[in-house]
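Welcome, and please load the structure in your viewer. We will go from stop to stop, and at each one you get something to select and a short account of what is there.

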Amino acid sequence: MWMRVFKAVFIYAALLAWSVFALFPLYWMVIASFKDPLAVSQGPTFIPWVDFQPTLSAWKAILFGIERETIRGPLVNSTVIGLGSTILVVLVGAMAAYGLTRFQIQAGPFRNQDLLFWIVSQRIMPPIVTGLALFMMLRVLGLIDTRTGMILVYTAFNLPLAVWLMHNFFQQIPPDIEEAALVDGASRGRVLWHIVLPVSLPGLVATFLFCLVFAWNEFLLALILTFNRARTMPILIAAQHSQRMIEWWSLSAMSLITIAPVVLITLVLQRYLITNVLAGAGR
Amino acid sequence: MWYRSRGVCFLIITLLSISLLTAGASGQQKRFSGVTLTVITQNPPYIAKAVQMFAPEWEKRTGGKINLVTAPFGELYSKLMSSFTLGTAAYDLSLFASAWMGDFAGNKYLLDLTDRIKADKDLKWEDILPTYQQTVTWGGRLYALPIDGDVHTVYYRRDALENPKYKAQFKAKYGYDLRPPQTWKEYRDIAEFFNGWDWVGDGKKHYGVLEAFKRGGQAFWFFMSHAAAYVSVPGQKGNMFFDPDTMKPQINNPGFVKALEDWVALVKFGPPGMINFDSGDVRSQFAAGTAALALDWGDTGIVGDTDPKSVVKGKIGTIVLPGSLEVYNYKTGKWTKLTKPNVAPYLAFGGWVCGVMATTKHPDAAYDFCRTIAEPKNSYIAVTTAETGLNPFRASHFADLSGWKKFGFVEPDLSSYLGAIKASLSHPNAQLDLKLPGQARYLDALETQLARAAAGEISPKAALDAAAAEWEKITNELGRDKMRRLYREWLGLPAK
Amino acid sequence: MQDVPSLHEVSRDLMGRQRSRGSQALPFLLPAVSILLCFTIFPFLFTVALTFSRVSLVGGLKLQFGGLQNWIRLVQDDRFWNSLGNTLFIVAVAVSVEFILGLGLALLINRPLRGGAFFRTIFILPMALAPIAIGYIWLMIYHETIGPLNVLLERIGLPPVGWVSRRNVAIYSIIITDIWHWTPFMFIVLLAGLQSLPAEILEAAQIDGTSGWQLFRYITFPMLRPTAIAAIILRSLEAFKIVDEIFIITGGGPGVSTESLTLHAYYIGFLSFDLAYGATIAMSLFLLVLVVALSMVRITQRYQRVEV
């Protein structure tokens, strides 16, 4: 009996300890966004109203004030590039995954699994390797520092992930439901669009959100490939290093704006994470 | 007949002048309407502030629009260089470091502004100090407008160094009088003496010295400021960077090694974390009263005396960089002992300048915006405004004290401040900052090794040897003969 | 999240596949393949070419054949060996700690537990955040005078630590940040693995009276091993690319003591603007990742055979 109580206490203590470790940094950023310069520079303070007086000035500046102009362009860019590339990658990825699951491919020595492995293995490519060349390539194409260019780059960046996830989902869909339609003379494209995609909607959503998070957070390629017109939020935040002491309050507020959608997505996604996506990962 | 033709002439002239006048008038109103200029410079506040200050007025006057893009100092060069290699105009103009002139003008990335500047009487080009005229000159042509003057000076706390009690204690400890440091040895001793105790009397720990050690945070120039006195034999050229005969790097000769040993030893006389400081930290920390000494550009004096949060207002002395009682002559390979310190003020960085991209579609508008910042009246406002990061570069900036006082400067800080800057600029042994193509590569190679030495990863000698080897590689890659020609040209030596 | 498929996953039956001719698949595959060819394979080959080139920036960008000079320089460059060493060290330490912690947390939470879903949500949260923001969060925490960490240390009577200013400490600060960021990944993958283990075997063993440790050592862990290996492979392959957090927290310093391969390549390529040598460093990272991936795949295959 004592053993069990002890065990329960231990488990909860451990879980709580890790929760504190996981949450404290986020908490720190949240309260930093409510501090004024003095509260920051006079050493750390931990609890609002107790050891410092929270202020909304950083948030006001960002949402209504002078920083609004600064943040608007990158926020729009991040949204357009994120959504654009994700929609594209889910479509292209779904097509490829469908092709790989429903046809027997024989291109020379290569079969389905070779092709799938080839596509998915592109993911191990470090971005810095292609980044240097993409810089020169987009320059020639006139796509450097454009949203279109970034959408294409991120589509390629996320494609391996999208194909892999969609492949898993499509494999779980029994082919019989398609057969009736095929017998009726529907084309493969129509079958994919009208039957397979609606059936695999949960998987589609999960893939969409995964890819969106990656595109939204990506930094290195954006750093290399954007200058002015297509700068994204991570680039804006990274550029806040200034020669005056870093303005933690406004930096924190900006970062929180960048983080917020992703946190929401995580809360939505976490069920899929376990049940749909990762359950088969290791087997 | 003639009167008729005269009448026609008159008519034509009248019409012409009317049309010119109206064109002029409407041009004055909307000379650049519909033009958007993309300006890139470093993060606010410093330097970017100048753009923010003058943009609204310029927009109103010309009908144009300013789109400001900023990058941290450490990435500004990279952003500019990669945009230049694009071949299209990602930016129209830039406020950048004159040290990069070798790359930007040398590769014709910048628009040649010579004719525009020559034709621009209101700019008062001759009022700009010759040193700074020099920084924007490349191959006899002008490629930018100076908007900033830059020289390193040393700042000290008068309340600390002039305190009789501390003077007595200092003398007892070191055996000579405490005074504003004349040599780097004295500088070190003062830093050590004031480090780690409460010499202000506010119950807090205070420190000896503030300098920038951070890689990508201007560490290169801080180190060079120390080295200049050890290696600059008065009247001899080519002491600082390369041997002008062979283009062999000088940076690992005994003079530089001594300077790096000095510099690395200072890390422990500063506040914790000083190894990650850039010049911005030096300014804010000095104004917060952290340390007794600081080495920096003109901004530390400005922030210290004019920032409302500063606790050191009216307590700042400014002096020319300390000297050295021995100087290393690279030609003879020997140290020379001296009785009077060898002083060599270092015109570190050479100032920010405003240049127009060769690829811009709006060269006239871009030049007009640059000159708006550089012209006498506005530039005086800029150098006497907080957080522009711009320091005096015209003779008139030193002549008129009213703006400085309005700015918040108090005596005797102001006289000491302007005096030290002026004395540095006019010093016969003043050393110019390196201006060569590939400057950023040389700088990064050295700064990487400086950072390693400061972190204690390797010895100063090993660090400088490694840097020199790296410099050799860069020189070989860029072409030794070409670099030698450019370097000699820059020094004003005959071609070889 | 990473996504190299475990091989057996790929070679699973072609149940859903009709005996259609492969050419019909072409329109479905063409967009994906062409995007990858354009934006991954072509840039990759270009980078390979770049490593054997000499780049001149004077008067526009020009490439010349440069032979092996970049690779020779790489081998002789102690800064390269340093960044390689840093990268390997970070990967080795961070991934092992993340694995152990992730496994521990997964085991703790893999039981009927009040508030389990709540804890699970909290645990996975850091994983999704932008690395740049994470870098700043930890930079604030590590700050030596106004950060909370040193003040807390001081309050319990310990000396302050130069989290980001001391040479041998800074790399651990980077590792701690990485652990905070990526332990959730290990946790979630291992938890998924645990939950998919056949319950009957575990129950049978429990009925047999096997002790907790023995159960784990002889039954749970062997069954979990494929998942564990997959998780370690996936995480390692990503960890080799570490750059964002270092970029913000230390910028590679003090000195070059926290410079990773990606950061080094970026500095050389875009700060010194030595594109060819930067590409060479980047390519060495690719080779490293490739070797690690291949050898790990081989290890997995060996375990497979043992397993089946």
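Throughout this tour, two residues are in contact if their C-beta atoms, placed from the backbone, lie within 7 Å. Keep in mind that this is a predicted model.

**Stop 1: the two domains of chain B**

Begin by colouring chain B by domain. Domain 1 covers 32-143 + 352-390, and domain 2 covers 153-348 + 429-491. Taken over C-alpha atoms, the centres of the two domains of chain B are 29 Å apart. Where they meet, 11 residues of domain 1 of chain B are in contact with 15 residues of domain 2 of chain B.

Which elements of chain B each supply at least two residues of the side of domain 1 that touches domain 2? Select H3 and helix H4 (101-106) of chain B, and you have them. H4(B) provides the largest share of that side, with four residues. By class, the side of domain 1 of chain B that touches domain 2 of chain B has five nonpolar, five polar and one charged residue.

**Stop 2: along helix H3 of chain B**

Now pick Phe84(B), which sits in helix H3 of chain B. Is Phe84(B) buried or exposed? Phe84(B) counts as buried, because 25 C-beta neighbours lie inside 10 Å. Add Leu110(B) to your selection: this residue is 26 residues away from Phe84(B) along the chain, and 9.1 Å separate their C-alpha atoms.

**Stop 3: two backbone details in chain B**

Move to Lys108(B), in the loop between H4 and helix H5 (114-119) of chain B. If you have torsions on display, look at phi: Lys108(B) is not a glycine, yet its phi is positive, at about 60°. With 15 C-beta neighbours inside 10 Å, Lys108(B) counts as partly exposed.

Next, go to the loop between helix H17 (402-407) and helix H18 (413-426) of chain B, where you will find Pro412(B). The peptide bond that joins Glu411(B) and Pro412(B) is cis, with omega about 5°.

**Stop 4: where chain B touches chain A**

Show chains A and B together. Here 20 residues of chain B are in contact with 12 residues of chain A. On the chain B side, select strand E2 (65-71), helix H3 (73-86) and helix H12 (279-287), the elements that give two or more residues to the side that touches chain A. H3(B) gives the most, with five residues. Colour the side of chain B that touches chain A by class, and you should see 10 nonpolar, eight polar and two charged residues.

**Stop 5: a loop in chain A**

While chain A is in view, select Asp145(A), in the loop between helix H6 (127-141) and helix H7 (147-172) of chain A. Phi of Asp145(A) is near 60°, a positive value in a residue other than glycine. Asp145(A) counts as buried, because 20 C-beta neighbours lie inside 10 Å.

**Stop 6: inside chain C**

Hide the other chains for a moment and show chain C, which has 13 helices and two strands. Of the 308 residues in chain C, 49% are buried. Among the contacts in chain C with a separation of 6 or more, 69% are between residues 24 or more positions apart.

For a helix pair, choose H4 (residues 78-109) and H8 (residues 167-195) of chain C: their axes come within 6 Å and cross at roughly 40°. That angle makes H4(C) oblique to H8(C). The crossing of H4(C) and H8(C) is right-handed. Their contact has 21 nonpolar, three polar and two charged residues.

**Stop 7: where chain C touches chain A**

Bring chain A back beside chain C. At this meeting place, 90 residues of chain C are in contact with 91 residues of chain A. Helix H2 (residues 26-51) of chain C supplies the largest share of the chain C side, 13 residues. That side of chain C divides into 63 nonpolar, 19 polar and eight charged residues.

For the last view, keep H4(C) and select helix H1 (residues 2-32) of chain A; the two pack at an angle of about 130°, with their axes 10 Å apart. This makes H1(A) oblique to H4(C), and their crossing is left-handed. Show side chains for Ile11(A), Ala14(A), Leu15(A) and Trp18(A) of H1(A), and for Leu105(C), Leu108(C) and Ile109(C) of H4(C), which make the contact. By class, this contact has seven nonpolar, no polar and no charged residues.

How values were computed. Residues are numbered from 1 along each chain as its sequence is written. Chains are lettered from A and ligands numbered from 1 in the order in which they are written. This is a predicted model: local features need pLDDT of at least 70, side-chain atom pairs count only at pLDDT 80 or more; totals for chains, interfaces and linings use all residues. Ala, Val, Leu, Ile, Met, Phe, Trp, Tyr, Cys and Pro count as nonpolar, Asp, Glu, Lys and Arg as charged, and the others, Gly among them, as polar. Domain bounds come from an automatic or database domain assignment. A residue is buried if 20 or more other C-beta atoms lie within 10 Å of its own, exposed if 12 or fewer, and partly exposed in between; C-beta atoms are placed from the backbone. Axes are lines fitted to C-alpha atoms, for helices over the stretch in contact, and angles run from 0 to 180 degrees between N-to-C directions. Angles under 35 degrees count as roughly parallel, over 145 as roughly antiparallel, 65 to 115 as roughly perpendicular and the rest as oblique. A crossing is left-handed if the near helix is turned anticlockwise from the far one by less than a right angle, and right-handed if clockwise.
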